[in-house]
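This note is addressed to a colleague who is meeting the structure for the first time. Please read the points below alongside the sequence and the coordinates.

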Amino acid sequence: MNQEARDGFFFFSGIICKRILNISSKIHIYGLERIPSSGGCLLVSNHISHFDPIILGMHAPRPIDYVADGKLFNDLVLSQILTNLNVIPVDRERMDPKAAKAIVSRLKAGRLVGLFPERGIRHGKNSILLGAKLSFSPATLSQLSQCPILPVVIIGSDLLYQPKTWFYRPRIFVKFGELIFPEKGEKRAELTQKIHDSLLMLFWQLVKQHNIEPFEWPCSAQQRWKEKIPRPR
């Protein structure tokens, strides 16, 4: 499948997912216009559920080449699907120069690359929104490719882990921030701090703007399965 066909498959998949999730949830998206219409850009997001890449991708005006755990490619069928969706495999357990090279190559080629730098689904103090430190990965990739970073925060997608919530449509929030451009001579730690500060700002803006209650904050799938979730307003 060539690149044009892969992009078409991405949009077709997004249309299907959008119809399903718009029925089962109330998705509020802000700043979608901040996604550049062309050129390389690194989308950096927190990660709270398996629904995150679907929700972000089904609303994006252009295809997103996600970076995902290489273990997902061990399954023959899933591997084919992910490949056709332009997903870049990465080894989360160690340094992966091959993946970094592939990501930088995509960015320099003008692609929009989606990165979840927490190396998996995170919640509570393990989340970059609630206490964990942001890795240097986004800053490093941005500096190597000389492409901007687009920070984005997603809240509420983990509520979809509890089946009964699909009947009363839980609230899901997505907010894109301002583009962050790497500056000449800027230290990696400084750029990392800028990115993290932007993510935290977006998170607290959403919390205050929509009175997002603690039960809607990032939680594990296991906790969602067990807890009794209040019906949202």
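1. The model is predicted. A good place to begin is the pairing of helix 4, residues 97-108, with helix 5, residues 137-145: their axes come within 9 Å and cross at roughly 50°. Two packed helices are described by the angle between their axes and the distance between the axes. An angle of roughly 50° is neither under 35 degrees nor in the range of 65 to 115, and helix 4 and helix 5 are therefore oblique to each other. Their crossing is right-handed.

2. Which residues of helix 4 and helix 5 meet? On the helix 4 side they are Ala-100, Ile-103, Val-104, Leu-107 and Lys-108, and on the helix 5 side Leu-141, Leu-144 and Ser-145. Sorted by class, this contact holds six nonpolar residues, one polar and one charged. As general background, an α-helix has 3.6 residues a turn, so residues three or four places apart point the same way.

3. Helix 5 also contains Pro-138. Is this residue, Pro-138, buried or exposed? Its relative accessible area is 0%, and because the cut-off for burial is under 20%, Pro-138 counts as buried. Not counting residues up to four places away in sequence, Pro-138 touches Leu-42, Val-44, Leu-115, Pro-117, Ile-149 and Ile-195. For orientation, Glu-178 is 40 residues from Pro-138 along the chain, and the C-alpha atoms of the two are separated by 15 Å.

4. Attention may next turn to helix 1, residues 3-24, where Ser-24 is found. Ser-24 has a relative accessible area of 5% and is therefore buried. The side chain of Ser-24 reaches the backbone oxygen of Ile-20 at 3.1 Å. Leaving aside neighbours within four places in sequence, Ser-24 is in contact with Leu-160, Thr-165, Trp-166, Arg-169 and Pro-170.

5. Helix 3, residues 76-84, has Ser-79, Leu-82 and Asn-84 as its buried residues. Helix 1 is included in what covers these buried residues of helix 3.

6. The two ends of helix 3 deserve a separate look. At its start, a side-chain oxygen of Asp-75 reaches to within 3.2 Å of the backbone nitrogen of Val-77. What phi does Asn-86 take, just after helix 3? The phi of Asn-86 is positive, at about 65°.

Definitions and conventions:
Residues are numbered from 1 along each chain as its sequence is written. This is a predicted model: local features need pLDDT of at least 70, side-chain atom pairs count only at pLDDT 80 or more; totals for chains, interfaces and linings use all residues. Side-chain values use heavy atoms; hydrogens and water are left out. Axes are lines fitted to C-alpha atoms, for helices over the stretch in contact, and angles run from 0 to 180 degrees between N-to-C directions. Helices (H or I, at least four residues) and strands (E, at least two) are DSSP runs, numbered from the N terminus. Angles under 35 degrees count as roughly parallel, over 145 as roughly antiparallel, 65 to 115 as roughly perpendicular and the rest as oblique. A crossing is left-handed if the near helix is turned anticlockwise from the far one by less than a right angle, and right-handed if clockwise. Contact means heavy atoms within 4.5 Å. Ala, Val, Leu, Ile, Met, Phe, Trp, Tyr, Cys and Pro count as nonpolar, Asp, Glu, Lys and Arg as charged, and the others, Gly among them, as polar. Buried means under 20% relative accessible area, exposed over 50%, partly exposed in between (1.4 Å probe, protein chains only). A polar contact is a pair of N or O atoms within 3.5 Å; within protein, one must be able to donate a hydrogen and the other to accept it, and residues adjacent in sequence count only if both atoms are side-chain atoms.
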